[in-house]
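Please look through the structure below and follow the text from one pair of residues outwards to the strands, the pocket and the metal site.

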Amino acid sequence: MVRHITVAVAMIPMLAGCGSPQDANQPAASASASASASASAAPVNYGNATPAKTKPFKATPVASFDTPWALAFLPDRRMLVTEKPGRLWLVTATGQKQQVSGVPTVHFEGQGGLLFIAVSPTYAQNAQVYLTYSEPGEGGDGLALARATLDTSGAQPALKDLQVVWRQLPRGKGGQFGGYIAFSPDGRYLFLTSGERQRFTPAQDPDQALGKILRLTLDGKPAPGNPGAGKTGSTTVGIIDPPENTGAAAKAPVRKATMPAPNLTPAETWSTGHRNPYGLAFDAEGRLWETEMGPQGGDELNLIEPGRNYGWPLVSYGKNYDDTPIASPASDPRFQKPALYWNPIIAPAGLAFYYGSMFPQWRGSAFVGGLASTALIRIAFDGTTPREAERWDMGARIRAVMAGPDGALWLLEDGSDGRLLRLTADRAG
Ligand SMILES: [Ca+2]
């Protein structure tokens, strides 16, 4: 089972790495001529950046996990770590692990399973945490967002009073769940990435909870002030049968059926046109940033603004897996271009801003984990313009990156023996 999963997940970056993206050598400046509606500079391609020869940090393995996916810090500096097969661990900073009971049933297959974990802004009052996972049900899987209380009073920690507060309906086949969570800086709202499940066109359908970033209350309801506030969805929804592979969007069969509307309305949507968002974080200025897996090429870092359309599957700096081209984001001013992109891909997973004291030279930088690129990438910002500043080869697929309350950077490696790494300043170096 684990072997099957590993192969399936690894295939996409491998395929993408084999191709020769059609616009990898296109000068970034050429994009600016046609983007008359956008004042922003053309994004730079960092796909060909090379890793640095030395690392200004020491990476210490703290613990190992079976296919870890995400980690979150509790106020007492312990961590919660998810394993995609459906296990949750409470972990001390020195690597002592306790399994947490009460995890909901997940469908562990392909890119699905237990995914993200986030500690509620209200944790100090009510010990609530949020989980995302692929929820099995009629018709297939759907991304689910659940909230539960973490009870650490007994011999074994436990999730209690678990409640699904939002779910992606209708369910169906396909990976690319997204599932990342970020909270607004004031702690009032929950932002959730919902991937397009390898179904392409629903990312542009306002009535389907696919390919969107949602802004919800902490109870999972549409947040007030969203761009589509007050609007309701259609009463029927087109069912898109996903292709068996990630072929061209144009070949995806579309079958219309009359059925109850899904639980997405425009009132929940913050932004549209995303493929597989695998990173979501606010910076200290309150700006929301997102990393997104592109197709064959075209991984993106996006500055997320309400009501914007980020273009998938109509525009991308990558191309489809069957080598059919996709229009450039620079060709259509309706769509928001990424702030930067990677072509060839890095396969981004995890996005964290750093404001700690252990690495003062990195304050204000963001860090991105790389799966196919087996890299840790530092993003520096010139105002709102990001650039890839440094890249280090970590020798393993990096599944998650978080800035710890101790000032260290914490990484999770991907795979059946994925390590939790603590990155500290290497003063000897
Ligand atoms: Ca895009």
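## A pair of strands and their surroundings

In this predicted model, residue A118 has its bridge partner in strand β8, and that partner is Y130. The two strands concerned, β7 and β8, which covers residues 128-137, run antiparallel and are joined by four bridges. They belong to an open sheet of four strands in the order β7-β8-β9-β10, with antiparallel pairing. At the edges of this sheet lie β7 and β10 (158-167), each of which pairs on one side only, and neighbouring strands are turned by 30° against each other on average, if direction is ignored. In general, the strands of a sheet pair through backbone hydrogen bonds, in either a parallel or an antiparallel way.

Strand β7 (114-119) is also one of the elements that give two or more residues to the lining of the largest pocket. The volume of this pocket is about 830 Å³, and of the 37 residues that line the pocket, the closest to its centre are I181, A182, F183, A281 and M402. The table shows how the lining residues divide by kind.

| Kind of lining residue | Number of residues |
|---|---|
| Nonpolar | 29 residues |
| Polar | six residues |
| Charged | two residues |

Which residues coordinate the calcium ion? The ion is coordinated by E300, through OE given twice, and by Y310, through O, at 2.4 to 2.5 Å. E300 lies in strand β19 (residues 299-304), whereas Y310 lies in the loop between β19 and β20 (340-342), ten residues apart from E300. Both E300 and Y310 are buried.

How values were computed. Residues numbered from 1 in each chain as written. Predicted model: local features only at pLDDT ≥ 70, side-chain atom pairs only at ≥ 80, totals over all residues. Heavy atoms only, no water. Donors = N, O, S within 2.8 Å, 3.2 Å for Na, K, Ca; no water. Buried < 20%, exposed > 50% of the residue type's maximum accessible area, 1.4 Å probe, protein only. 1 Å grid on protein atoms, 1.4 Å probe; cavity = no way out; pocket = protein on both sides within 12 Å on 5 of 7 lines; lining within 4 Å. Points joined across faces, edges and corners; volume = space filled by probe spheres on them. Nonpolar A, V, L, I, M, F, W, Y, C, P; charged D, E, K, R; others polar. Pairing = 2+ DSSP bridges. Axes fitted to C-alpha atoms, helices over the stretch in contact; angles between N-to-C directions.
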